[in-house]
Structure formats: C-alpha cells, structure tokens
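User: Could you take a close look at the nonpolar core of this protein and explain to me, step by step, which residues build it?

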Amino acid sequence: MKKVSVIIATYNYGKYILAALKSLQEQVYKNWECIIVDDGSTDNTNEIIDDFIKNDDRIKYHYQKNAGPTFARNNGISISTGDYILFLDADDLLESNKIKSHVEVLEQNLNVDIAYGDVRYFDENRPGELLFSLKPENKPWTTKYSGPGKTLEDLVIKQNIMVTSSPLIRKEVLMQAGGFDPKLFKLEDWELFQRWAIRDYYFQFVNAPQSLVLMRAHATSFSYDKKGMRVYFLPILEKHFSGSKLNFKNKLHVGLRMIEEYSDLTISLLADKTYPPKHYYRAYQYILPLLAIAFIPFYLTIKLFRFIRNVIINGKD
C-alpha cells in the first residue's frame, strides 16, 4: 500500500489545526504521514501538536523561523517519505474519502500524474452551510478536467483551476517540476499548477463521494486578501513571459496582461501609492519603452502627412 505524505504549513493557526488533523485521522485510507511545518508560530500551535504526536506517531512536527508558506511547504516536501504528496492548509478539512479515492485513481491509471477533486467553502460561524464559491454568485469554479496538461495550459495561464489542498501528486513528478517558487508569498499554488500544465503532466478529476476539500472562510484567510495577491500576480506573469515555453497565443495573452497590470500600477501610483516601490519601478521600466515604441509610428505618420501636404501645396504653387 502506497504511503501518502500530507504536508501542513501553519502559522498561528492553533485554533484551527485540531480540526484539520481530526479530518485527517478520519480518512478511510490509513497509510499516511502528516508533516506539520510550523512557520514560526507565536500562538499555542506547538502545545496542540505535542498532544497529537503522543497519540498518533504518523504525525511529525517541525519548527522553522518565519519564512512564509512557500518555504514551509518546500521544507515539508524535502523531509517527506511518501509516494504521493498532498498539501493541506491548516484551517481546512478533508472529507473522509478524499485520500482513498485519489490514491485509487493514481494506482489504477499509471499515466495519471495528478488526481484532484472539488472544493466547498464554509463560514466558521455557519459550518453546516457549504458553498461553491466565496463570490456573491456562489457558482462552482473548479475546472473539472481530465487529460494532458498542454490542453489545460490555455485556461490555467488565465486563472487558477483548483485549491492548494485539492491535488494528490506523485512525489517523483513533483520533484521533477520543482516545489513552490520561494519568491512567491501568495498565488504560489497557481504558479505551480501552471508549471504542471506547461510540462504536460496528466490531470485526472476525481468525482467520488465524500472526497471534497472543505475550505474555511474567516477574516484572516488569504482568500480575502485580493490586494496582497495582486502584488504577486505580476512576478508570475513576468516569469512565464520570459522563461516558460508557452505557445504564441498564451505568450501574447501574458504580454497583454502585463501591459494592463503595469498600466494599472502606474495609475495607482498617482492615486494611493499602495504597492511596493519595486513594482512601480518595474512598471515604468516596462511601460515607458512601450510608449516610446508606440510613439514612433505615430510620429512617422504625422511626418508623412506633413510631407504629402507640402508636396500637394508646392505642387499647386
């Protein structure tokens, strides 16, 4: 029976992590290890984990100085011993058949690299009410796709396709692609999924009973920090515009989105100056040459019209 390494990166989520661990212990599939990487928490996380370690030797606890969730997850990957990897956010839950249903897909289909499922959201004040989305329209958004990543590339370049805790991936495949980008503090899961698609890994959507990820909505959740996420949106675009093997259509899309984002940043500087200085510098660095390039044909067109006008006037004279 293959072992699954469940990696939990946590920071001051002592009040939530008990529920996450209990959902893990209630899994139908029992051959797992849980690697908790505490990213420098200052709450009672350590005390809570100590109690669990005493009663379940599958749970391992590691402490690191605060460096962000990306470093914590990569640290967890490096010390994991499982055949498959699953990332579980410390404030989220797994339904009881999550791991078993996904392992079965990977075991029965050796061509599949990543098995992933759907998500529901719940408010911590109304845990019995499950939602498809945190947006007002409450519509499903997870991409229910099965097939090679290259087919998925057009979509994943434009938007995220699943939540961090959704995929179960073969460890050797994850190691080939590399872990999370350490330069990203947010949207790191989206960038990783993009690399999986660009590398043409095979995705399989799993629609099995009791196999959902249950995401907790609360005031400190990263999902609500839209401005913070946008700060990391540009580095992802830049990375894929300059370094990824995208097809021409996706390269064009990323290039246009960069122009749009840099233009918005330039405008926001005049309005509220809410982004880091380096982003404004990159905006001017990127936008000004484009404006200069756009100005050249405009300038030459004006010169041409003036030349034609002079020829006509002189001709009449």
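**The nonpolar core**

Analyst: The chain of this predicted model has a secondary structure of 10 helices and 12 strands. Of its 317 residues, 49% are buried, and among the contacts with a separation of 6 or more, 77% are accounted for by residues 24 or more positions apart.

Turning to the part you asked about, the largest nonpolar core has 36 residues, and those with the most contacts inside it are Val4, Val6, Ile8, Ile17, Leu21, Cys34 and Ile36. Helix α1, which covers residues 14-25, gives the most to this core, with 5 residues. If we follow one of the core residues, Val6, and leave out residues up to four places away in sequence, we find that Val6 touches Leu24, Glu33, Cys34, Ile35, Leu86, Leu88 and Ile99. Besides this core there is a second, separate one of 35 residues, which includes Val156, Ile169, Leu174 and Val254. In soluble globular proteins, nonpolar side chains tend to be buried together.

The surface offers a useful contrast. The chain exposes about 16300 Å², and carbon and sulfur atoms supply 58% of that area. Phe248, Leu252 and Leu256 make a nonpolar surface patch of about 350 Å². Of these residues, Phe248 lies in helix α9, which spans residues 248-271, and Phe248 counts as exposed because its relative accessibility is 67%, where exposed means over 50%.

Key
Residues numbered from 1 in each chain as written. Predicted model: local features only at pLDDT ≥ 70, side-chain atom pairs only at ≥ 80, totals over all residues. Heavy atoms only, no water. Helix = DSSP H or I, 4+ residues; strand = E, 2+ residues; numbered from the N terminus. Buried < 20%, exposed > 50% of the residue type's maximum accessible area, 1.4 Å probe, protein only. Contact = heavy atoms within 4.5 Å. Areas by Shrake-Rupley, 256 points an atom, 1.4 Å probe, with all protein chains shown as cover. Core = buried A, V, L, I, M, F, W, Y, C linked by side-chain atoms within 4.5 Å. Patch = residues over 30% accessible without salt bridge, like charges linked within 9 Å, V, L, I, M, F, W, Y side chains within 5 Å. Salt bridge = Lys/Arg side-chain N within 4 Å of Asp/Glu carboxyl O.
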